[in-house]
Amino acid sequence: MKVGIVGTGYVGLVTGTCFAELGHDVTCLDVVMEKVNKINKGITPIYEPGLEELLKKNIREKRLFATSNYGDLKDAEIIFICVGTPPKPTGESDLSYVRRAAEQIKETNPDAIVVVKSTVPPGTTLSLNLKNPAMNPEFLKEGVAVEDFMKPDRLVVGALKKENAEKVLKLYEKLKVPQDRQIVTDPTTAELIKYASNAFLAAKISFINEMANICERIGADVKVVAKGMGLDSRIGERFLNAGAGWGGSCFGKDVKAIMHTAIEANYEPKILESVIEVNYNQALHVIALMERAFEERKIKGKRIAILGLAFKPDTDDVRDAAALRIIRELAKEYEITAHDPIAIENTKKELERDGIRIHYSRNWEECLKNKDACLLITEWKEYREIPLKRFKELLAHPILIDGRRIYSPEEAKKRGIHYKGVGYGKK
Ligand code: UGA
């Protein structure tokens, strides 16, 4: 089928490339010429494992082509809108890019099925006044987006006409998603499914972080609590890792956007408010653990090592990252040195914008050397592999704050490390 994709950000490029891989004839449109040129050369403007190989292959085999001209979408049967919906200061989503894309498509190809894939507040797709509107939310996790696309848990399509929904689902036919995992509904319900999913996942993490804080006070271990809860198949063990809190470009933005929608509809979303508040405090809690360790050792720590800046491993994305929240707070009083395998450049840009200057190390060893404490904030594989004795050897004071619970507290203590981990309350 001939498919158009408007917007070649992370969602648009993954979607376009994967549809090409499934055999469709894909045209990706972006208004930024630099991106268009890169894509046509087989270079991905974003970091996403496995994507560049697929892109190169499909460009070479001529199933994918990028353009900045809407005229090139005039033969497409189905056009996906995958442009950004950045948050406004009020938490509301800025829909101007979505609306502009819809207007341009109406002018060039008014009969196409126009599918909104961008995450938009419920009601948006219908408000675009398209002839054949549809909504098909994405559930792609950064770092594993290609795999999430190729092996989806479910497909959700909201449309006014059943035949349009069926055409959209047909695009995914080769993925062989079981019938009972395909949901056909109206566009507004499809839009809410996306927000409800992200808000629930964020709530699940805030919930376990709240349990972690209780564990620390009563002498229990949240990792075991999570395991015990997760074995109940109604709860499930995924997304129950307590830590320094969730970040990224989606959870915070989406929870705030759906709160805004609720308030506009005269409903006070109390759970969602707490999901945000607990998460914000969780980053600060990691700092409190460090300060408690300084008190216990009766030292005035000054030099802090931060391991991990990305909002999660395997990405260079630092948007809304717990590490940045922690650094912004710590930078007022402490001297910070940070390391991350790939997210240093993005961190520099973000922090310099706020006038915050810290030191960066080329490797974790240099980062730890002579510091008064280490805060582990992103659970990169290479940090999991650090032999515990190296913390003791390299740090000036062997204080290790495990913000993701990746080390064994017992082992750390055995090696003479002053260990504190989120949700570890055992003495
Ligand atoms: C999230 C959703 O998981 C995707 O399903 C969704 O499609 C995507 O948002 C989106 O809306 O586009 P993503 O933001 O890439 O994906 O990252 P996640 O893997 O969900 O992680 C989010 C944050 O939660 C990270 O900071 C991670 O460290 C944290 N997290 C995750 C925890 O603190 N504990 C956990 O148990 C799991």
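These are my notes on aromatic pairs, one loop residue and a charged patch.

**Entry 1: the model.** I am working from a predicted model.

**Entry 2: aromatic pairs.** I looked up the ring pairs and got a count of 8 aromatic pairs. I then took one of them, Phe 19 with Phe 80. The ring centres lie 5.3 Å apart, and the planes make an angle of 40 degrees. I logged the pair as tilted, because that class covers angles that are neither under 30 degrees nor over 60.

Next I checked where the two rings sit. Phe 19 belongs to helix α1 (residues 10-21), and Phe 80 belongs to strand β4 (residues 78-81). The pair therefore ties together parts that are 61 residues apart in sequence. Phe 19 and Phe 80 are both buried. I also followed the ring pairs outward: they link Phe 19 and Phe 80 with Phe 149 and Tyr 172 in a cluster.

**Entry 3: Leu 73.** I found Leu 73 in the loop between β3 (64-67) and β4. Is Leu 73 buried or exposed? Its relative accessible area is 1%, so I noted Leu 73 as buried, the cut-off being under 20%. I then looked up a C-alpha separation for Leu 73. Its C-alpha atom is 5.9 Å from that of Gly 4, a residue 69 positions away along the chain.

**Entry 4: positive patch.** Which residues form the positive surface patch? I listed Arg 217, Arg 292, Lys 413 and Lys 427. I placed Arg 292 in helix α11 (residues 270-297). Arg 292 has a relative accessible area of 37%, so I entered Arg 292 as partly exposed. That value passes the patch requirement of over 30%.

How values were computed: Residues are numbered from 1 along each chain as its sequence is written. This is a predicted model: local features need pLDDT of at least 70, side-chain atom pairs count only at pLDDT 80 or more; totals for chains, interfaces and linings use all residues. Side-chain values use heavy atoms; hydrogens and water are left out. Patches are made of residues with over 30% relative accessible area and no salt bridge: like charges are joined within 9 Å, nonpolar side chains (Val, Leu, Ile, Met, Phe, Trp, Tyr) within 5 Å. Accessible areas come from the Shrake-Rupley method with a 1.4 Å probe; for residues, only the protein chains shown count as cover. A salt bridge is a side-chain nitrogen of Lys or Arg within 4 Å of a carboxyl oxygen of Asp or Glu. Lys and Arg count as positive and Asp and Glu as negative; His and the chain ends are not counted. The place of a charge is taken as NZ of Lys, CZ of Arg, CG of Asp or CD of Glu. Helices (H or I, at least four residues) and strands (E, at least two) are DSSP runs, numbered from the N terminus. Buried means under 20% relative accessible area, exposed over 50%, partly exposed in between (1.4 Å probe, protein chains only). Rings of Phe, Tyr and Trp (its six-membered ring) pair if their centres lie within 6.5 Å; planes under 30 degrees apart count as stacked, over 60 as edge-to-face and the rest as tilted.
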